[in-house]
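Student: I have a new structure to read. Can we go through the terms used for it, one by one?

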Amino acid sequence: MKIFKVKDQVEGGQKGYEILSEKMANGAKTLGLATGSTPVEFYKHVVASDLDFSDMTSINLDEYVGLDESNDQSYRYFMNEHLFNAKPFKVNYLPNGKAEDLDAEVKHYDSLIDENPIDFQILGIGSNGHIGFNEPGTSFDVTTHVVDLADSTIKDNARFFANEEEVPKQAISMGIASIMKSKAIVLMAFGANKADAVAAMVNGEVTEELPASVLQNHPEVYVIVDEEAGAKL
Ligand code: GLP
């Protein structure tokens, strides 16, 4: 893992953007994308840039079950707002949280990932060490799956909803095995509530109890942290 300590989220977004630019200059065609508050500044840098995505494919990590793209808390809505409206891609894939047959949707998403190997993956990290929505205890071998969200994740994400009751209890998430197949991974973390998870990810035991620790086994991971998130490194 290569660790970059930055001043704040703006500088972190700039660093992530620089790595992306370099990868695109070297032929990256498929981007694995993430939502949440962490990559917002990264997307701002991308939107302000002259990078062209019209020949690119994106595959997002996850989506809440039950929310469609008109819901402003859906991850499709987030991606439209923060990136896709400003930077059109050839195609954008996200799991369909409104799919009637979730098993079929999960299989379909796995086939999309197989057909479009990810060159560059952006990740945030949950305060419990989750990546995507792969909660503690998830097998490292899992591919796309339906997840029952951890109580801590529901609490963490309640800030985006009117109240905790409105946070969906399930999501569809790309699995850890798929994330690990990405050629290069940039994980960003900002703020004191990520410090324990970041320290365990970088220096702790590789364990399914801390999903992000699996990244120690990946050959090309860039970790971008601000002072607070990196305080325990
Ligand atoms: C969310 C997402 C993750 C994200 C993480 C951290 O629930 N599923 O992809 O990285 O939790 O969120 P935030 O960036 O808002 O702290």
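Tutor: This is a predicted model. Start with two helices: at what angle do the axes of helix H2 and helix H3 cross?

Student: The axes of H2 (residues 40-48) and H3 (residues 75-84) cross at roughly 45° and come within 9 Å.

Student: Why is H2 called oblique to H3?

Tutor: Set the angle against the cut-offs. Under 35 degrees would count as roughly parallel, and 65 to 115 as roughly perpendicular. Roughly 45° falls in neither range, so H2 is oblique to H3.

Student: Which residues make the contact between H2 and H3?

Tutor: Val40, Tyr43, Val46 and Val47 in H2 meet Phe78, Met79, His82 and Leu83 in H3. By class, that contact has seven nonpolar residues, one polar and no charged ones.

Student: What makes His82 polar here?

Tutor: His is on neither the nonpolar list nor the charged list, so it counts among the others, as polar.

Student: Now the sheet. In what order do its strands lie?

Tutor: The order is E1-E10-E9-E6-E2-E3-E5. These seven strands form an open sheet, and the pairing is parallel. On average, neighbouring strands are turned by 15° against each other, direction ignored.

Student: Why do strands E1 and E5 count as edges?

Tutor: E1 (2-6) and E5 (91-93) each have a single partner strand, so one side of each is left without a neighbour in the sheet.

Student: How do you know that strands E2 and E3 pair?

Tutor: Pairing needs at least two bridges. Four bridges join E2 (residues 30-33) to E3 (residues 57-60), so the two strands pair. One example is Thr30, whose bridge partner in E3 is Thr57.

Student: Which helix lies across E3 and E5?

Tutor: Helix H4 (residues 102-115) does, running at about 140° to E3.

Student: Next, the empty space. What makes a space a cavity and not a pocket?

Tutor: In a cavity a 1.4 Å probe fits but cannot get out, whereas a pocket is open. The largest cavity has a volume of about 30 Å³. Its lining includes Leu20, Phe42, Phe89 and Ile122.

Student: How many polar or charged residues line that cavity?

Tutor: By class, the lining has ten nonpolar residues, no polar and no charged ones. E2, H2 and strand E6 (120-123) each supply at least two of the lining residues.

Student: And how much space lies in the largest pocket?

Tutor: About 610 Å³. Of its 33 lining residues, the closest to the centre are Thr35, Gly36, Ser37, Asn157 and Phe160. By class, the lining has 14 nonpolar, 14 polar and five charged residues.

Definitions and conventions: Residues numbered from 1 in each chain as written. Predicted model: local features only at pLDDT ≥ 70, side-chain atom pairs only at ≥ 80, totals over all residues. Heavy atoms only, no water. Axes fitted to C-alpha atoms, helices over the stretch in contact; angles between N-to-C directions. Parallel < 35°, antiparallel > 145°, perpendicular 65-115°, else oblique. Contact = heavy atoms within 4.5 Å. 1 Å grid on protein atoms, 1.4 Å probe; cavity = no way out; pocket = protein on both sides within 12 Å on 5 of 7 lines; lining within 4 Å. Points joined across faces, edges and corners; volume = space filled by probe spheres on them.
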